[in-house]
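Hi everyone, thanks for coming. I'd like to walk you through one structure today, so have a look at the screen with me.

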Amino acid sequence: VVVVGAGMAGLLCAEMLTREGISVLVLEARDRIGGRLHNDGHGVDLGGSWLWPGQNPRAQRLLKRLGVATLPQLVDGDAFVHRGDGNAANVGEAGDRIIPCGPGAVRVPGGFSTAVQALATSLEPAALILSCAVQQISEDHDGIRIIFEREGEAGTVKARRVVLALPPGVLAGSIRFEPALPTGKANKMRETATWCGDWCKVVGEFLSLIHI
């Protein structure tokens with residue numbers, strides 16, 4: 001089985017197949033794993049940041065199985081709001097209303113990339129290839145042929161099955177299929193927005209205590 005995409009979904013799929021004794025090869029276009037779970041190298045999440053145990057019990061069980069700890073997102077204490085005039089106002093205990101995650105969220109010490117790395121270590125090194133952009137997937141009487149580009153050179157791998165672990169819009173805009181996907185399905189995939197794909201995060205580091 002070839003898995004296209006080494007984000008959380010692709011790596012979890014590969015890990016589950018490997019535990020069932022199925023041969024797996026993961027192809028990832030970027031030079032890193034994780035997809036939208038990525039940090040700055042110092043534990044600050046640049047992608048997904050929070051988990052809500054009550055809403056995501058399966059994800060919570062996965063982290064426990066991988067030995068990845070969680071900690072509550074702190075929302076207590078005084079909150080300060082910048083008014084745009086150069087001044088900041090203390091609005092008191094308003095963290096649970098201001099912070100984007102709301103109350104009840106947990107984080108992963110060191111960032112959610114910790115979970116991604118834990119999944120990746122369950123695979124054989126040769127089962128994960130980075131900087132490998134899949135360009136075409138073709139099906140014929142011999143099986144499925146995956147054509148990719150890596151370091152400027154084209155390559156081909158054959159498989160009995162392919163799992164596409166990419167956002168629909170990314171998939172429809174980057175990989176050709178033979179035979180072609182139905183027009184309606186391809187158009188719907190292109191129109192499907194990537195969740196949080198247009199978000200931007202800003203990280204601030206305070207080197208000293210600010211008194212307001």
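I'll talk about the helix α1, then the cores, then the strands. One thing to keep in mind throughout: this is a predicted model.

Let's start with α1. This helix has 12 residues, and the distance from its first C-alpha to its last is 16 Å, close to the 16 Å expected at 1.5 Å a residue. Which of its residues are buried? They are Gly10, Leu11, Ala14, Glu15 and Leu17. These buried residues sit on the same side of α1, because the arc they cover around the axis is only 165°. Turn to the other side of the helix and you find Ala9 and Arg19, which are exposed. And what do the buried residues of α1 pack against? Their partners are two strands, β1 (2-4) and β2 (25-27), and two helices, α2 and α4. After α1 comes glycine 21, with a positive phi near 80°.

That brings us to the cores. The largest nonpolar core has 23 residues, and Leu11, Val26 and Leu63 are the ones with the most contacts inside it. Three elements give two or more residues to this core: α1 (8-19), α2 (57-66) and α4 (113-120). The largest share, 4 residues, comes from α4. If you'd like a residue to click on, try leucine 63: leaving aside neighbours within four places in sequence, leucine 63 touches Leu51, Val68, Thr70, Val108, Phe112 and Ala115. Apart from this core lies another one, of 17 residues, and Val134, Ile137, Leu171 and Met189 are among them.

Now for the strands. An open sheet is formed by 4 strands in the order β7-β2-β1-β11, with parallel pairing. Its edges are β7 (128-129) and β11 (162-164), each pairing on one side only. Between β1 and β11 there are 3 bridges, and valine 2 has valine 162 of β11 as its bridge partner.

Elsewhere in the chain, look at β8 (residues 132-140) and β9 (residues 143-150), which run antiparallel and are joined by 8 bridges. Together β8 and β9 make a hairpin, with 2 residues between them. Here Val134, which we met in the 17-residue core, has phenylalanine 148 of β9 as its bridge partner. β8 also runs parallel to β12 (residues 176-178), with 3 bridges joining the two. On that side, isoleucine 137 stands opposite phenylalanine 177 of β12, and Ile137 is another member of the 17-residue core.

That's my tour, and I'm happy to take questions!

Key. Residues are numbered from 1 along each chain as its sequence is written. This is a predicted model: local features need pLDDT of at least 70, side-chain atom pairs count only at pLDDT 80 or more; totals for chains, interfaces and linings use all residues. Side-chain values use heavy atoms; hydrogens and water are left out. A nonpolar core is a set of buried Ala, Val, Leu, Ile, Met, Phe, Trp, Tyr and Cys residues joined through side-chain atoms within 4.5 Å. Buried means under 20% relative accessible area, exposed over 50%, partly exposed in between (1.4 Å probe, protein chains only). Contact means heavy atoms within 4.5 Å. The expected span of a helix is 1.5 Å times one less than its number of residues. The arc is that of the directions from the helix axis to the C-beta atoms. Two strands pair if DSSP finds at least two bridges between them.
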